[in-house]
Number of protein chains: 2
Amino acid sequence: MPATIRDVARASGVHISTVSRTFSAPHLVNPETRNRVLACAEHLGYRPNRAARALITGRTHNIGLIIADIANPFFPPLIKAAESQARQRDYHIFIADTNEDPAAEEDLVHALAKQVDGVLLCSPRMSNSLIEQLSREVPLVVINRQVTGLPAVVMDVGQGARLAVEHLTGLGHRELALLGGPRGSWTNREIRRAATTAARAADASLTVLGPNPPTEGGGIAMAEQVRRTGATAVLAYNDLMAIGLMEGLDSLGLRVPQDISVVGIDDIALSRLTRPKLTTVATPTAAAGRTAVDMLLQHDGSSSARAGRGGGRTTTTDDRRTTAQVTLQTELVIRDSTGVGPAASAVRPAAAAAADRPGAAPPADPGPHGHPDPGSATAATPESVAS
Amino acid sequence: MPATIRDVARASGVHISTVSRTFSAPHLVNPETRNRVLACAEHLGYRPNRAARALITGRTHNIGLIIADIANPFFPPLIKAAESQARQRDYHIFIADTNEDPAAEEDLVHALAKQVDGVLLCSPRMSNSLIEQLSREVPLVVINRQVTGLPAVVMDVGQGARLAVEHLTGLGHRELALLGGPRGSWTNREIRRAATTAARAADASLTVLGPNPPTEGGGIAMAEQVRRTGATAVLAYNDLMAIGLMEGLDSLGLRVPQDISVVGIDDIALSRLTRPKLTTVATPTAAAGRTAVDMLLQHDGSSSARAGRGGGRTTTTDDRRTTAQVTLQTELVIRDSTGVGPAASAVRPAAAAAADRPGAAPPADPGPHGHPDPGSATAATPESVAS
DNA sequence: ACTTCTCCTGCAAACCTTTGCAGCCAACGG
DNA sequence: CCGTTGGCTGCAAAGGTTTGCAGGAGAAGT
């Protein structure tokens, strides 16, 4: 029923190879012939069969994208950016969701391996060794993780966490808590490491809680424990948890930021909608998606090594393989969920407090029609964290 | 480098057809042979090449899912449900995002046509005739739309809209507004029709505004116009718009629900997090995803007869195929964004309102975080809608 | 012992496209 | 006039798998 290349060839009176070339190498065919072929193809509604093409070229023009949880608002901007970047190069992205399950991750890589040219592994929860092993089956680019020998794009959450902690200690907080994310997350380890270091440098204490599911529910559930730590400020693994935590604290009768300050990570769209608006670390998710696609495509676009003919095993020396690791900067976005700590509240005059907490008029007057205040001035699209 | 069926055949000393059968029709091969083959395959890390298989069988074991906007929280539950349902049957879902662009929809269908066995078209913005035409190219199941001759699964938003209007008029509201969604949306038309009818039946007036982008920004932008209608209660096309509208009303100094009631549609997770919590019409998104996959696969091949759930099912059997149209019920979830209207405020006690839905929180408690913050409202990410 | 069956396995065609190679023709240089 | 070049097109192999058909071996029936 579907028109094949043969039908077009018959209709336009040329050989199938000419039809093929009309599409894959137009400059090789006479303009007159080409037009005739195109007309016939159009008329017959012909579209090349990608499976057949993939079979012979060995390239599917598909890219797999494996993520932990589509429902996490962190991912959509990354997905969209990756999709549009891929589409520009005539590739298509296949998305798969692992539900935060490391075993599902492995299965998915296998399932995708033969029908994509490469896989973007976003915030994997697997072990490094397993990832390395899988990378022998299909080209891999990891996002939010560093695996030796594999191309990677990571967002510098460590730096973000440091900025967040410095912001909090700068406000006078001395008792901090870190609401940790899921086990197996590279991001989680980075945050913990950086936050610990920064807290120590500022002579503040830091209580680490976790691991926890990186969801709103995970945040709500930990409210009570957070209170028990006696911390006056909390850094959460991501915005979703931070928002959940604010919910939970609210039910406990604690006010944010008067009683306790909360900082998230990711800057998802939602973090502008909560009351109070969430102070958070913005991660360049869209850029990460674009970059990852670029790295994957460059990586296998250059190596046009054909399969060895004649049974001989052609061992292409891969030592030329450029496995870059790109690090994207993060940025602290100060909104309304952080305020002065107890240590400073007695010392600092009200004016100073007001300057930090934009509930009142911030220093740079935002005006009635939303001049972005210094904190929310980031032009980055809302995105969230993972890994 | 990747092991093929031929390698396995050589290693286990059988013909490739036997290897093939070991995987696709195990009962046809001697257990002893089978085990030997499986062992070799395992050892060589063999995985069947899906492209080659697709080429000959004509079935890719892939399903396309085209949606308007991944960033809209409405979709993830649907996607997840569809994915898990598909995975159970050894199918894989390929997701694509159209950015609310009807032209992109058409392109995507074409692009996917040859590499999937069928496409789930979720909340399409295309014309019916175009959809019919595309359905000749690849099996289609439409979600949130009715196209004659095509299998469809729709959520009964009409009924939901009616319940919402009855809820509002029951609270004493007489001046209603409907915040419409995007042009081309079947859902939008259904809502409008049902809301108009219900309002007339209750002797209330209904002002229809739109079309609008189905995003938070779309809601924010319409706040002023909504106020000008003089309505005391608003039904929005979806939750995102409702939430945006609440933002906008807030900036205008109007309190929800004391001054104006707001109802959304979809019941996205976010609607529980706003202050006040959003009253909304819950749509069974996950069930829709599952059902759509079932319909596509049953229609397509190995059918396992899943009985229709709560919804009604109309099967029109034309000559060859049975094209069912499944309708899924919706449900009104009363939270805090609706309160008594001016006409009834003197007459009806709040208890009467609460009686509409046991267990729902009483209206009129914005919660501790309900401080309005003028000038907050820009920078909405493009989000989207459901049909 | 001969047929008939049942089980299993091998053979080869077919799916649709790409691509190196060869051939054709016209034009051009010498 | 011949050799060469360049532009275009046809030929055929190849890619990995499925599957109808045929064949072989043994078992069961007679």
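Q: Let me start with DNA strand C: how many Å lie between a polar side-chain atom of Tyr46(A) and a phosphate oxygen of this strand?

A: Happy to begin there, with the reminder that this is a predicted model. To read such a contact, look for a pair of N or O atoms within 3.5 Å. Here the polar side-chain atom of Tyr46(A) and the phosphate oxygen of DNA strand C are 2.8 Å apart. Two further side chains can be read in this way. An N or O atom of the Ser20(A) side chain is 2.5 Å from a phosphate oxygen of DNA strand C, and for the side chain of Thr33(B) the value is 2.3 Å.

Q: Which residues come nearest to DNA strand C?

A: Of the 25 residues around the strand, the nearest are Ile5(A), Ser20(A), Arg53(A), Thr18(B) and Thr33(B). On the DNA side, sugar and phosphate make up 57% of the strand C atoms that come within 4 Å of the protein. To place this surface on the fold, go to α1 (5-12), α2 and α4 of chain A and to α2 and α4 of chain B, each of which supplies at least two residues. By class, the surface near DNA strand C divides into 11 nonpolar, 10 polar and 4 charged residues.

Q: And which residues are closest to DNA strand D?

A: Thr18(A), Thr33(A), Ile5(B), Ser20(B) and Tyr46(B) are the closest among the 27 residues that surround DNA strand D. Sugar and phosphate account for 55% of the strand D atoms that lie within 4 Å of the protein. Sorting the surface near DNA strand D by class gives 13 nonpolar, 10 polar and 4 charged residues.

Q: Which element gives the largest share of the surface near DNA strand D?

A: That is α4(B), with 5 residues. The elements that each supply at least two residues are α2 (16-24) and α4 (50-57) of chain A, along with α1 (5-12), α2 (16-24) and α4 (50-57) of chain B.

Q: What part of DNA strand D does the side chain of Arg21(A) approach?

A: When you read a protein–DNA contact, check which part of the nucleotide takes part. For Arg21(A), an N or O atom of the side chain is 2.9 Å from a base nitrogen of DNA strand D. Compare that with two contacts to phosphate. Arg53(B) has a side-chain N or O atom 2.7 Å from a phosphate oxygen of DNA strand D, while a polar side-chain atom of Thr4(B) lies 3.5 Å from a phosphate oxygen of that strand.

Q: How many residues does each chain bring to the contact between chain A and chain B?

A: Chain A brings 50 residues and chain B brings 50 residues. The area buried between the two chains is about 4500 Å², and carbon and sulfur atoms give 56% of it. Lys114(A), Leu273(A) and Arg275(A) supply 17% of the area that chain A buries against chain B, more than any other three residues.

Q: Is Ser185(A) buried or exposed?

A: Ser185(A) is buried, because its relative accessibility is 1%, and buried means under 20%. The residue sits in the loop between β6 (175-179) and α9 (186-201) of chain A. Its side chain makes a polar contact of 3.1 Å with the side chain of Tyr237(A).

Q: Last one, on the cysteines: how many disulfides are there over all chains?

A: The count is 0 over all chains, where a disulfide would need two cysteine sulfur atoms within 2.5 Å. For accessibility, Cys122(A) counts as buried because its relative value is 1%. Cys40(B), with a relative accessible area of 15%, is buried too.

Notes. Residues are numbered from 1 along each chain as its sequence is written. Chains are lettered from A and ligands numbered from 1 in the order in which they are written. This is a predicted model: local features need pLDDT of at least 70, side-chain atom pairs count only at pLDDT 80 or more; totals for chains, interfaces and linings use all residues. Side-chain values use heavy atoms; hydrogens and water are left out. A residue is near a molecule or strand if one of its heavy atoms lies within 4 Å of it. A polar contact is a pair of N or O atoms within 3.5 Å; within protein, one must be able to donate a hydrogen and the other to accept it, and residues adjacent in sequence count only if both atoms are side-chain atoms. Helices (H or I, at least four residues) and strands (E, at least two) are DSSP runs, numbered from the N terminus. Ala, Val, Leu, Ile, Met, Phe, Trp, Tyr, Cys and Pro count as nonpolar, Asp, Glu, Lys and Arg as charged, and the others, Gly among them, as polar. Buried means under 20% relative accessible area, exposed over 50%, partly exposed in between (1.4 Å probe, protein chains only). Contact means heavy atoms within 4.5 Å. Buried area is the accessible area (1.4 Å probe) that two parts lose on being put together, summed over both.
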